[in-house]
Amino acid sequence: MKLDAKAKYQDTHEWARREGDLIVVGITDFAQESLSDVVFVELPEVGAVLEKGEIFGVVESVKAASDLYIPMSGEIVETNVTLEDEPELVNSDPFGEGWMIKLQPSDPKQWDDLLSGDEYEQVAQAEE
Amino acid sequence: MSQELKRTNLYRWHVDHHARMVPFAGWEMPVQYPPGPLAEHHLVRRSAGVFDIDHMGQVTITGPDAEVYLNRLVTWDIGLMRPNEAHYALLCYDHGGIVDDVFIYKLPGRWLMVVNAGNLNKDYRWLQEHAGGYQVAVKDVSAETYMLALQGPKAISLLQKLTPAQLAAAPRFTAIEDKVDGVPAVIGRTGYTGEDGVEIFFPAEHARQIWTAILNTGRTAGIEVGPIGLAARDSLRFEPGFALYGHEIGPDITPLEASLEWACRFQNDFIGREALLKQKENGVAKKLVSFALTDKGVPRQDYPVLSAAGGEEIGVVVTGLYAPTVDKYCGNAFVRSNYAGIGTDLQILIRHKPKAAVVIKRPLYVPAYRK
């Protein structure tokens with residue numbers, strides 16, 4: 001299982017990374033591996049305001065649809081439109097080209113509540 | 001009641017090769033191997049894939065009345081079949097609903113019927129219940145008969161290296177009894193992917209030998225071949241328009257509704273004929289269509305189908321997926337007959353949001369060798 005040392009995590013398998021004031025969000029390598037081939041990603045409208053834990057989108061693999069949960073409250077300022085045509089980037093580069101949304105957090109302190117890489121690894125291993 | 005899942009003789013091989021195993025029709029089966037369902041799908045379309053399909057049931061029918069008996073049970077006129085031919089057929093209830101879809105092989109001295117894994121017990125009971133008055137012996141030979149499929153444009157040239165049988169001389173939908181890797185086998189030029197290929201039947205204890213012989217022969221001959229799981233099997237069967245029990249067919253669906261009238265020979269007095277003739281006369285209320293989304297999204301089984309104009313519910317999705325070869329989000333749905341015309345605009349309700357779709361011509365995919 002690959003992890004991104006700069007990211008934090010939540011137990012629903014999303015990662016979050018700081019980029020200036022913004023938070024970039026995607027799903028983990030463990031999640032893409034479990035889903036297998038991703039064929040579609042549904043992302044929110046730019047401008048949408050969501051509370052931590054709300055569903056911000058759906059990732060569909062060959063066999064199933066899985067909800068995506070936002071790791072911090074805030075406003076969606078950008079989505080990765082490339083995923084519309086190349087959803088497989090979620091499989092090939094989950095921490096990079098497969099990113100999903102950027103958000104302007106409304107409560108930056110929520111960052112501290114997210115899981116560290118080590119903590120997330122334990123969550124993932126328990127699910128294996 | 002929970003029941004222990006059955007395992008095929010290749011279970012250990014699948015696990016050792018990192019297949020993801022899932023429960024399927026009472027069996028623990030590989031849903032995918034490390035390359036993943038999309039790569040497996042493309043491999044079969046491009047070269048060759050081998051499928052462990054031992055979960056499928058096999059029944060032999062023998063005896064002097066075998067042909068008359070079978071002609072009462074199945075919708076196809078098997079009297080039309082020549083020795084060593086194979087044909088698709090349906091078992092129907094009196095009301096015209098479908099018990100199962102089957103493949104029948106006319107072999108020397110016996111008929112071999114291949115049935116769906118999850119329906120084996122039901123089908124076997126059905127066959128036995130209707131055997132009264134006929135001099136026939138119906139035997140479930142599933143346990144001792146192993147079944148593999150090898151499918152794809154390179155499947156025949158690969159298998160030819162393992163058998164003295166003249167595969168090129170056996171057209172589609174015929175069967176040859178010969179040897180594969182020295183093991184006595186029935187080789188049927190049949191399959192469930194739309195591609196050329198074979199389904200092979202042989203004594204179950206040789207499963208691993210033949211499976212690895214196919215994979216190793218591919219490797220030494222420079223023919224790309226790999227194992228294919230259930231996920232790719234589903235997308236491979238969807239594109240050429242093959243029905244799947246529990247989706248396109250079932251007890252509440254008739255062959256006419258499922259666009260399988262071609263598998264019915266009404267000259268024959270098969271079980272369900274009267275009901276189907278009546279339905280033929282009156283017309284069907286619902287009909288199977290294939291559709292492609294024009295909006296983005298993945299349709300799934302049980303999603304409602306709406307009319308494009310009024311948003312009225314007019315049907316339901318029975319298979320929905322991303323179709324890899326045609327590169328579209330597609331599905332099959334039963335819709336009210338007046339919405340079944342090719343080009344009809346529909347909406348599929350995906351997670352409560354209507355997405356635009358259009359009825360398209362079936363099948364979505366025709367392999368090059370059939371064009």
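Is Cys92(B) buried or exposed? Cys92(B) counts as buried, because its relative accessibility is 0%.

**View 1. Confidence in this predicted model.** What you're looking at is a prediction, not an experimental structure. The predictor puts the complex at an ipTM of 0.93 and a pTM of 0.96. For chain B, the average pLDDT is 97, with 99% of the residues scoring at least 70. A word of caution for any model of this kind: where pLDDT is low, don't read the predicted coordinates in detail.

**View 2. Cysteines without a bridge.** Count the disulfides over all chains and you get 0. Take Cys92(B): the closest cysteine sulfur belongs to Cys264(B), and at 6.0 Å that's too far for a bond, because a disulfide needs the two sulfurs within 2.5 Å. Cys330(B) also counts as buried, because its relative accessibility is 0%.

**View 3. The largest nonpolar core.** This core has 39 residues, and Leu90(B) and Tyr105(B) are the ones touching the most other members. Several elements of chain B chip in at least two residues each: helices H2 (37-46) and H7 (230-238), plus strands E5 (86-92), E6 (98-107), E7 (110-115) and E9 (145-151). Another core, of 36 residues, lies apart from it; Ala48(B), Ala155(B), Val180(B) and Ile200(B) are among its members. As a rule, nonpolar side chains in soluble globular proteins tend to be buried together.

**View 4. Around Tyr105(B).** Set aside the neighbours within four places in sequence, and Tyr105(B) still has plenty to show. Its contacts include Trp111(B), Leu112(B), Val114(B) and Phe201(B). Glu85(B), Arg110(B), Thr190(B) and Glu199(B) are also among the residues in contact with Tyr105(B).

Key:
Residues are numbered from 1 along each chain as its sequence is written. Chains are lettered from A and ligands numbered from 1 in the order in which they are written. This is a predicted model: local features need pLDDT of at least 70, side-chain atom pairs count only at pLDDT 80 or more; totals for chains, interfaces and linings use all residues. Side-chain values use heavy atoms; hydrogens and water are left out. Buried means under 20% relative accessible area, exposed over 50%, partly exposed in between (1.4 Å probe, protein chains only). pLDDT is the predictor's confidence in each residue, from 0 to 100. A nonpolar core is a set of buried Ala, Val, Leu, Ile, Met, Phe, Trp, Tyr and Cys residues joined through side-chain atoms within 4.5 Å. Helices (H or I, at least four residues) and strands (E, at least two) are DSSP runs, numbered from the N terminus. Contact means heavy atoms within 4.5 Å.
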